[in-house]
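Q: Can you walk me through this structure? I'd like to start with the metals and then move on to the pockets and the backbone.

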Amino acid sequence: MTETVEHLRDFNYYKLNQNVTQVLAEYIWIDGTGERMRSKTKVYLTPITQLSDLEWWTYDGSSTEQANTKWSEIYLKPVVYVRDPFRGDPHLLVLCETYLPDKKTPARYNFRWIANEIMEKAKDFKPWFGIEQEYFLLKRTGTTHIWPLGWPTGGFPYPQGRYYCSIGERNNFGRALAEAHLRACLNAGIKIAGINAEVAPSQWEFQIGIAEGIEIGDHLWLARYILERLGEEFGIDINYDPKPILGDWNGSGAHTNYSDVKTRGEGGYKYIVDELIPLLSNTHKEVLKLYGANNEKRLTGHHETSSYDQFSWGDGSRGGSIRVPVITKELGQGYLEDRRPAANIDPYLVSAVIVDVALLNSTY
Ligand code: ADP
Ligand code: MN
Ligand code: MN
């Protein structure tokens, strides 16, 4: 009896011997909410060395709000794989697109296929992106209630001002999770550029990029997946709501930094101001519908945001729809920051829409 208990105490299933040729492939997809992901494991008995070694697979779409019970089968098409930082080598995270049984019609919330077509058309312009993903950490405080990590149960912490890039136990909540996320993303090969504690207490940001074309969406979704999985281990819920706590608390955005050969080239600043900004301004109203659900609660004109209804821009301004960084003005070329996207965007949609408007003459 004692022996059994001792064994359980030391039991680390990650360290169990395993045949080196076995690969556990975690197939990941965006579900019928368009904001959340699902995943399941497929065992391969032979090594995976290229994308084509990973087979199409199926799942029950009626359980993910992507199909009805009668025609429930949805296909998973592997599109990108990276190292699995949880299971370690040689195991893989496999990001998938979803298709109806004809294997041609994209399933609900598979926007990658259309984004990919747009990115392909514009690829000579080399569109680059850097997305700043903000999020809140939430914790269960009762059977149903959830509240930001480190906040007094049912109450509020000190007002904002001390939390952005903070240090210290009274200011910084959840660093261990943010740090674990950074390390896990780097291990997986995700293009993560940095992390910082954000303006609201228990709010964080990570930056993905610079990534070209469809890669920005792929890497951001994979980074979100890794964050949620770590949240399971830390007992923390990851929240991408644009305005999770009403009142004098910042909401969460996904600032999207953008450049292409024209903005980065000689005369780029002049091109941004004279040509690109007017294109973005003219499409403001329609495009905002694709910039995250409930974003109007966040884009109030306060808390470093612009108005939902009114387009605006400025050099170095954090109160406009678009900020042109001071460095871009100084050098006469560079990039711009679209500050409108909410934290719950589909990065495939937002990156593709920017390319569509900036480079492919779509007016919406
Ligand atoms: P801030 O918080 O000041 O808005 P961050 O440093 O958090 O800025 O994020 C800036 C982002 O811009 C980074 O993700 C970076 O990769 C991205 N970026 C920098 N240069 C370019 C560029 N030329 N094109 C696209 N994105 C860029
Ligand atoms: Mn930032
Ligand atoms: Mn920013």
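A: What follows goes through the metal ions, ligand 1, the pockets and some backbone details of a predicted model.

Q: Ok, which residues hold the manganese ion (ligand 2)?
A: The protein donors of the manganese ion (ligand 2) are E132 and E205, each through an OE atom. They lie 2.2 to 2.3 Å from the ion.

Q: Where in the chain are E132 and E205?
A: E132 is in strand β6, residues 128–140, and E205 is in strand β9, residues 203–212. The two are 73 residues apart, and the pair links distant parts of the chain.

Q: Are they buried or exposed?
A: E132 is buried because its relative accessible area is 15%, and the cut-off for buried is under 20%. E205 is also buried, with a relative accessible area of 4%.

Q: What about the manganese ion (ligand 3), which residues coordinate that?
A: The manganese ion (ligand 3) is coordinated by E132, H255 and E337. E132 is listed with OE twice, H255 uses ND1, and E337 uses OE. The distances are 2.1 to 2.7 Å.

Q: So E132 came up for both ions. How far apart are they?
A: The manganese ion (ligand 2) and the manganese ion (ligand 3) are 3.9 Å apart. E132 bridges them.

Q: How are the donors of the manganese ion (ligand 3) spaced in sequence?
A: The pattern is E-x122-H-x81-E. H255 sits in strand β11 and E337 in strand β14, residues 336–338. Those two are 82 residues apart, and this pair also links distant parts of the chain.

Q: And H255 and E337, buried or exposed?
A: H255 is buried, and E337 is buried too.

Q: Moving on to ligand 1. What surrounds it?
A: There are 14 residues around ligand 1. The closest are E132, S259, R318, R323 and E337. E132 and E337 are also donors of the manganese ion (ligand 3).

Q: Which polar side-chain atoms lie by ligand 1, and at what distances?
A: A polar side-chain atom of S259 lies 2.7 Å from a nitrogen atom of ligand 1. For E205, a polar side-chain atom is 3.1 Å from an oxygen atom of the ligand. R323 has a side-chain N or O atom 3.1 Å from an oxygen atom of ligand 1.

Q: Now pockets. How are they even found?
A: Rolling a probe the size of a water molecule over the atoms shows where empty space is left.

Q: What is the volume of the largest pocket?
A: The largest pocket has a volume of about 350 Å³. It is lined by 21 residues, and E134, E198, E205, H255 and E304 are the closest to its centre. E205 is also a donor of the manganese ion (ligand 2), and H255 coordinates the manganese ion (ligand 3).

Q: Which elements line it?
A: β6 and β9 are the elements that give two or more residues to the lining of the largest pocket. The largest share, 3 residues, comes from β9.

Q: What classes are the lining residues?
A: The lining of the largest pocket has 10 charged, 9 polar and 2 nonpolar residues.

Q: And the second largest pocket?
A: The second largest pocket has a volume of about 300 Å³. It has 18 lining residues, with F129, G130, I210, N257 and Y335 nearest its centre. β6, β9 and β11 (254–259) each give two or more residues to that lining. The largest share, 5 residues, is from β6.

Q: What about classes there?
A: In the second largest pocket the lining has 8 nonpolar, 6 polar and 4 charged residues.

Q: New topic: where are the cis peptide bonds?
A: One joins D89 and P90, with omega about 5°. P90 is in the loop between β4 (73–83) and β5 (92–99). Another joins G209 and I210, with omega about 0°. I210 lies in strand β9.

Q: Which residues other than glycine have a positive phi?
A: S202 is one of them, with phi near 75°. S202 is in the loop between β8 (192–197) and β9. N294 also has a positive phi, near 65°, and lies in the loop between α7 (284–287) and β12 (313–315).

Q: How accessible are S202 and N294?
A: S202 is buried, at a relative accessible area of 2%. N294 is partly exposed, at 39%.

Key. Residues are numbered from 1 along each chain as its sequence is written. Chains are lettered from A and ligands numbered from 1 in the order in which they are written. This is a predicted model: local features need pLDDT of at least 70, side-chain atom pairs count only at pLDDT 80 or more; totals for chains, interfaces and linings use all residues. Side-chain values use heavy atoms; hydrogens and water are left out. Donors are N, O and S atoms within 2.8 Å of the metal (3.2 Å for Na, K and Ca); water is not among the atoms, so sites may look incomplete. Helices (H or I, at least four residues) and strands (E, at least two) are DSSP runs, numbered from the N terminus. Buried means under 20% relative accessible area, exposed over 50%, partly exposed in between (1.4 Å probe, protein chains only). On a 1 Å grid over the protein atoms alone, a cavity is a set of points where a 1.4 Å probe fits but cannot get out, and a pocket is an open set with protein on both sides within 12 Å along at least five of seven lines; lining residues have an atom within 4 Å of a point. Grid points are joined across faces, edges and corners, and a volume is the space filled by probe spheres set on the points. Ala, Val, Leu, Ile, Met, Phe, Trp, Tyr, Cys and Pro count as nonpolar, Asp, Glu, Lys and Arg as charged, and the others, Gly among them, as polar. A residue is near a molecule or strand if one of its heavy atoms lies within 4 Å of it. A polar contact is a pair of N or O atoms within 3.5 Å; within protein, one must be able to donate a hydrogen and the other to accept it, and residues adjacent in sequence count only if both atoms are side-chain atoms.
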